[in-house]
Amino acid sequence: MRVLLTHNYYSITGGAEVFFHEIGRLLEQNGHQVAKFACAEDDLNVPYAEHFPEVEHYADGGLLSKIRRVPSVIYNRDARDGFAKTIAEFEPDIVHGFAIYGRLTPAIFDAAKASNIPTIVSCNDYKHICPNYKLFHHGRLCEDCKGGAFYNAIRNRCAHDSLAVSAVSALEAYVHDHLNLWRGRIDRFLFASQFMAHKTLEFWGEGAVNTDILQNPFDAQKHFVEAHAGSSILYFGRLIEEKGVTALLAAARLAPEVPFVIVGDGPDRPFIEDAAAKLENVTFVGPVWGDALKPYLHAARAVVVPSLWHENFPYVIFQAFAAGTPVLGARRGGIPELVTAGPHGWLFDPLDPDELAHAAKTVQGLPDEKIVSMGCAAQDYVAQTFSDEAIYASLERIYNEVID
């Protein structure tokens, strides 16, 4: 089988690029021919790179240059034409898209449609139904654009709290909806969580599109830490409003006997760092990643994921499980699907600091043997469920069904 994968970025800058390349790795090691299409980058020497479009980032430059780039942010003709050339040369059996909005744009799907190539898309956020991709803004969950009411994005200034960016995002959504670039071009939408699949059908209607589940491959052995009942409740990740770290601090004030550790960086760091300094039971560490994070996981009794928005499938939960650490997870998005898949942790309302404080105290009071037992169960779950073999079996089934 010949598979053409496409994503905005070729070089790895985050989890989305890891997913893109990991799917390619799985396909190649199982005997498939794989080509990749992305935006042009300096010194990128890969097959078909001569067809990759030059795409400036929308945030770069002055007002006039941003206005000039608006049409290509919505529908990139250069990307469509480059994709058509890649299709003609590679002759794929199927196209698998990832995050392509804003740079490659759904224009590339017109090229696949013109060549009668089956097309599937993996959605890791809500951009296909929400102009700001989060279903969240200014501290609250939001579904105001349901039913195609994308003008609400402007009214809410939900994209980067900017009237201009929100207006472009709303215009983008209206154009894509009018041209039917998502529902009319994609043969199957793939989601890591049942929650996102159900939410998509809430917006578009039951039966409007074909959906399926494809979870992310995860190398549990790479993140393995011996299961251990530590003492702290650990948060690690981005420090930004929707991640709910301020809610975590509110719970910490209500549970002064429980030690909390915060690892991370982001736009809210100054506020978080200042607030943590005023609480004796909170230790702020700053950014620590890779193997340097493992000692903090080993010292944790549980990892907390207090997200306020509907997370899809948070990577931090996989890391916590691989490290033999159960999770305190918010009842948001796909988080409950992971935490309640076995004896791996506990759920709480992220808007109720009393509930989180009570849960943290409960975790502190459990016997060490119970914590270790839960950690071992989490390790087994993540190693088996997200193994290469399990993910490839789903991928192969989906490809064959769509092509047939």
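Trainee: OK, so a helix here is a DSSP run (H or I) of at least four residues, and helices are numbered from the N terminus. With that in mind, in which helix do glutamate 202 and lysine 199 lie?

Mentor: Keep in mind that this is a predicted model. Both residues belong to helix H7, which covers residues 194-204, and they sit 3 residues apart, about one turn of the helix.

Trainee: And what do their side chains form?

Mentor: The side chains of glutamate 202 and lysine 199 meet in a salt bridge, with 3.2 Å from N to O.

Trainee: Is lysine 199 buried or exposed?

Mentor: Lysine 199 has a relative accessible area of 8%, so it counts as buried, since the cut-off for buried is under 20%. Its partner, glutamate 202, has a relative accessible area of 43% and is therefore partly exposed.

Trainee: How many salt bridges are there in total?

Mentor: The count comes to 24 salt bridges. One of them joins lysine 127 and glutamate 172, whose side chains meet at 2.8 Å, N to O.

Trainee: Where do lysine 127 and glutamate 172 lie?

Mentor: Lysine 127 is in the loop between strand S4 (119-123) and strand S5 (136-137), while glutamate 172 is in helix H6 (residues 163-179), so this pair ties together parts that are 45 residues apart in sequence. Lysine 127 and glutamate 172 are both buried.

Trainee: What about arginine 269, which residue does its side chain meet?

Mentor: The side chain of arginine 269 meets that of aspartate 265 in a salt bridge of 3.6 Å, N to O. Arginine 269, at 24% relative accessibility, is partly exposed, and aspartate 265, at 32%, is partly exposed as well.

Trainee: Which residues are joined into one network by salt bridges that share partners?

Mentor: Those are Glu143, Lys146, Lys199 and Glu202, and you have already met the bridge between the last two, glutamate 202 and lysine 199.

Trainee: Changing topic: how many aromatic pairs does a search of the whole structure find?

Mentor: The search finds 18 aromatic pairs. Among them, tyrosine 10 and phenylalanine 20 form an edge-to-face pair, 6.5 Å centre to centre and with 85° between the planes. Tyrosine 10 lies in the loop between strand S1 (2-6) and helix H1 (15-29), and phenylalanine 20 lies in helix H1, 10 residues apart, so the pair is described as linking distant parts of the chain.

Trainee: Is phenylalanine 20 buried or exposed?

Mentor: Phenylalanine 20 is buried, at 0% relative accessibility, and tyrosine 10 is buried too, with a relative accessible area of 18%.

Trainee: What sort of aromatic pair do phenylalanine 321 and tyrosine 381 form?

Mentor: Phenylalanine 321 and tyrosine 381 form an edge-to-face pair, 6.1 Å centre to centre and 75° between the planes. Phenylalanine 321 is in helix H11 (residues 315-322) and tyrosine 381 is in helix H14 (residues 368-385), so the pair ties together parts that are 60 residues apart in sequence. Both residues are buried, and they belong to one aromatic cluster with Phe218, Phe313, Tyr315, Phe318 and Phe386.

Trainee: Last topic, then: at what angle do helices H3 and H4 pack?

Mentor: Helix H3 (residues 77-90) and helix H4 (residues 107-114) pack at about 35°, with their axes 7 Å apart, and H3 passes H4 in a right-handed crossing.

Trainee: Which residues meet there?

Mentor: On the H3 side they are Ala79, Arg80, Phe83, Ala84 and Ile87, and they meet Ala107, Ile108, Asp110, Ala111 and Ala112 in H4. By class, this contact has 8 nonpolar, no polar and 2 charged residues.

Key:
Residues numbered from 1 in each chain as written. Predicted model: local features only at pLDDT ≥ 70, side-chain atom pairs only at ≥ 80, totals over all residues. Heavy atoms only, no water. Axes fitted to C-alpha atoms, helices over the stretch in contact; angles between N-to-C directions. Helix = DSSP H or I, 4+ residues; strand = E, 2+ residues; numbered from the N terminus. Left-handed = near helix turned anticlockwise from the far one by under 90°. Contact = heavy atoms within 4.5 Å. Nonpolar A, V, L, I, M, F, W, Y, C, P; charged D, E, K, R; others polar. Salt bridge = Lys/Arg side-chain N within 4 Å of Asp/Glu carboxyl O. Buried < 20%, exposed > 50% of the residue type's maximum accessible area, 1.4 Å probe, protein only. Phe/Tyr/Trp six-rings, centres within 6.5 Å; stacked < 30°, edge-to-face > 60°.
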